[in-house]
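Let's take a friendly walk through a protein model. Have a look at the sequence and the 3D view first, then read on.

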Amino acid sequence: MGRTQHFVLVHGAQHGAWCWYKTKALLESAGHRVSAPDLTSAGISAVNADDVKSFDHYNQPLYDVFESLGETEKVILVGHSYGGVPVARVTELYSRKIHVAVYIAGCMLCTEQPMSEVWPQVFDEFVNDMRFNFGRGAGTSPTSGWIVEETARRTYFGSCSPKDVQLGMMLLRPSPFMSDDATTFTEKGYHSVPRVYIKASLDLCLKPKFQDLFIQRNRPQEVRSIEAGHALQLCAAKELHRHLLQIAAAHVPDHGDEIQFS
Amino acid sequence: MGHHFVLIHGGMHGAWSWFKLVDRLQKAGHKVTPIDLAGAGQHPADPNTITTFEEYNKPANNWFASLPEGEKVVLVAHSMGGLTTLQLMESFSSKICLTIFVAAVITASDLSLFDNSLLWKLMYTDCAVARYQVSHFTDGAQNPPTSIYFPTPSLKEVFYSDCDSEDIALCSILVRPFPCRVLKRPITYSKEKYGQVPSVYIRYSKDTTLPPRAQEHIVKNYGPFKEIIEIDGGHFNHWPKVDDFTKLVTDLAEKYIKGEGSLST
């Protein structure tokens, strides 16, 4: 029986902790601990996306997880899609608490790069399929946005089972637009934590060419690939689980072959 | 013939808990509306602030009020959703052509569940719910609890005896405390309105949440029901057996709804 590891799972835009249900079940069955917070305004959060004041406000539930860790406790941090942006922030803030940061079909931006610089390119094909709320009034920048139903169904949940598509479509919410989500990476902070990128090769949301661009511009220690759509945790949960256990085994010191591959 | 099903979840759950049934019913050509009651699922209210059925049922009442006259739906009510449904049937009897109660809580008119001592005892003595229930007291320790909850490790035993670890993981992420103060509120319903809506009751004989003896008391005392169907399963049997359940509810709709605007006798 392997030593219990603590996995912290960070969902992407419009999603919530719910998207990790299969990963959570698999990791817990294998004896590990899982923290999967709803970021502010996501999942069952009581806050409206238009009322998210800042990137720190958005990330607070994730910061709370890190604040609650024991003195010597370290985690395996996993971010999906836009979740890579909060992952980068906590990697910089809590580098000593993280064994490895894993980006799953994730936005792995460069230092000081906000998502607003990148998203119109990355989502160019369906930037016309997005809708916005202007919580601060007309003529101001949008406070939240979402992808229209048909496009969300196809791009977020491509390769997913019908019941997971249904679940996802019921639970997607508008995502807050935050102008302050850029993080400055330091050697002692962000760059002291090994990174692994897991590509989704059939991704219709964050296309493989953009995943490759992130990888090229900000090289991780390792790149893996799963042949499935964007929501790997829903459409390729078992394969993702094997990758996560292997990554943990490789990056948790003195773990070696103790880890249970089930 | 395609029907419109409106789904009312039980305590702590939300519209999300119907996702498998929604998928199947839509594929079978029906329209489906699962509703988040106040403070449940993705509804933004804090359940600890809800004290009345008026507050709790508001999203469903708003929905029914906006349903155009002449349109009728099939109501499917699970667990504590039964209590909400008593009020919906009374208020909107002309808009509901059939109610399907699924291991649902029903009490007598004008008698709150809390004051229904016999049913309360059958529900809360010597069972998993009684053993594991945790109360929140956001109104102060000297006041009654404001909501109730079950610790994550107890969820399988309390609710999900039939369900697999994946489904249980999903539920553990999405369940929220239930505004227990509503259970002290009576619901008034009458033969003239509530009684005009035909209903059926699906019982789960291995239910660890709403004990079979409580379901027995309910079907004996709070009918009449056009049909009582007994299924050998736990409280969420319609999750692992969603295909059978879909067939059952669509067959019941076909059987008891005889064309638009008419009620079966």
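Start with helix α7 of chain B, where D167(B), I168(B), A169(B), L170(B), C171(B), S172(B), I173(B) and L174(B) are buried. Here "buried" means under 20% relative accessible area, while "exposed" means over 50% and "partly exposed" is in between, using a 1.4 Å probe and protein chains only. Helices like this one are DSSP runs of H or I with at least four residues, strands are runs of E with at least two, and both are numbered from the N terminus.

Before going further, a word on ground rules. This is a predicted model, where local features need pLDDT of at least 70 and side-chain atom pairs count only at pLDDT 80 or more, whereas totals for chains, interfaces and linings use all residues. Residues are numbered from 1 along each chain as its sequence is written, chains are lettered from A and ligands numbered from 1 in the order in which they are written, and side-chain values use heavy atoms, with hydrogens and water left out.

**A helix under cover**

Back to α7(B): 8 of its 10 residues are buried, so the helix is mostly covered. What does the covering of its buried residues include? From chain A there are α1 and α6 (162-171), and from chain B there are α1 and α6 (155-158).

One of those neighbours deserves a closer look. Helix α1 of chain A (residues 21-29) and α7 of chain B (residues 165-174) have axes that come within 8 Å and cross at roughly 115°. Axes are lines fitted to C-alpha atoms, for helices over the stretch in contact, and the angles run from 0 to 180 degrees between N-to-C directions. That crossing makes α1(A) roughly perpendicular to α7(B). As for the cut-offs, under 35 degrees is roughly parallel, over 145 is roughly antiparallel, 65 to 115 is roughly perpendicular, and the rest is oblique. The crossing of α1(A) and α7(B) is right-handed; a crossing gets that name if the near helix is turned clockwise from the far one by less than a right angle, and left-handed if anticlockwise.

Who touches whom? On the α1(A) side you'll find Y21(A), K22(A), K24(A), A25(A) and S29(A), and they meet S165(B), E166(B), A169(B), L170(B), S172(B) and I173(B) of α7(B). Contact means heavy atoms within 4.5 Å. Sorted by type, the residues of this contact are 5 nonpolar, 3 polar and 3 charged. Ala, Val, Leu, Ile, Met, Phe, Trp, Tyr, Cys and Pro count as nonpolar, Asp, Glu, Lys and Arg as charged, and the others, Gly among them, as polar.

**A pair inside chain B**

Now for two helices of chain B, α4 (residues 117-124) and α8 (residues 212-221), which pack at an angle of about 150° with their axes 7 Å apart. That makes α4(B) roughly antiparallel to α8(B), and the crossing of the two is left-handed. In α4(B), the residues L118(B), L119(B), K121(B), L122(B) and M123(B) meet R213(B), A214(B), H217(B) and I218(B) of α8(B). The residues of this contact come to 6 nonpolar, 1 polar and 2 charged.

Shortly after α8 in chain B comes a curiosity. The loop between α8 and β8 (227-231) of chain B holds P224(B), and a cis peptide bond with omega of about 10° joins G223(B) to P224(B).

**Chain B as a whole**

Chain B has 9 helices and 8 strands. Its radius of gyration is 17 Å, close to the 18 Å that the globule rule gives for 265 residues, so chain B is as compact as a globular protein of that length. (That radius is taken over C-alpha atoms, and the rule is 2.2 Å times the number of residues to the power 0.38.) Along its principal axes, the C-alpha trace of chain B spans about 55 × 40 × 35 Å. Buried residues make up 60% of the 265 residues in chain B. Among contacts in chain B between residues at least 6 apart in sequence, 74% join residues at least 24 apart.

**Single residues to look up**

Two residues that are not glycine have a positive phi:

| Residue | Phi | Loop | Relative accessible area |
|---|---|---|---|
| A105(A) | near 40° | between β4 (98-104) and α4 (115-122) of chain A | 0%, buried |
| M12(B) | about 75° | between β1 (4-8) and α1 (19-27) of chain B | 4%, buried |

Is T85(B), in helix α3 (residues 81-91) of chain B, buried or exposed? T85(B) is buried, with a relative accessible area of 0%. Leaving aside neighbours within four places in sequence, T85(B) is in contact with I8(B), L75(B), A77(B), T99(B) and F101(B).

For contrast, try T72(A), in the loop between α2 (55-67) and β3 (75-80) of chain A. At 75% relative accessibility, T72(A) counts as exposed. T72(A) and P162(A) are 90 residues apart in sequence, and their C-alpha atoms are 42 Å apart in space.
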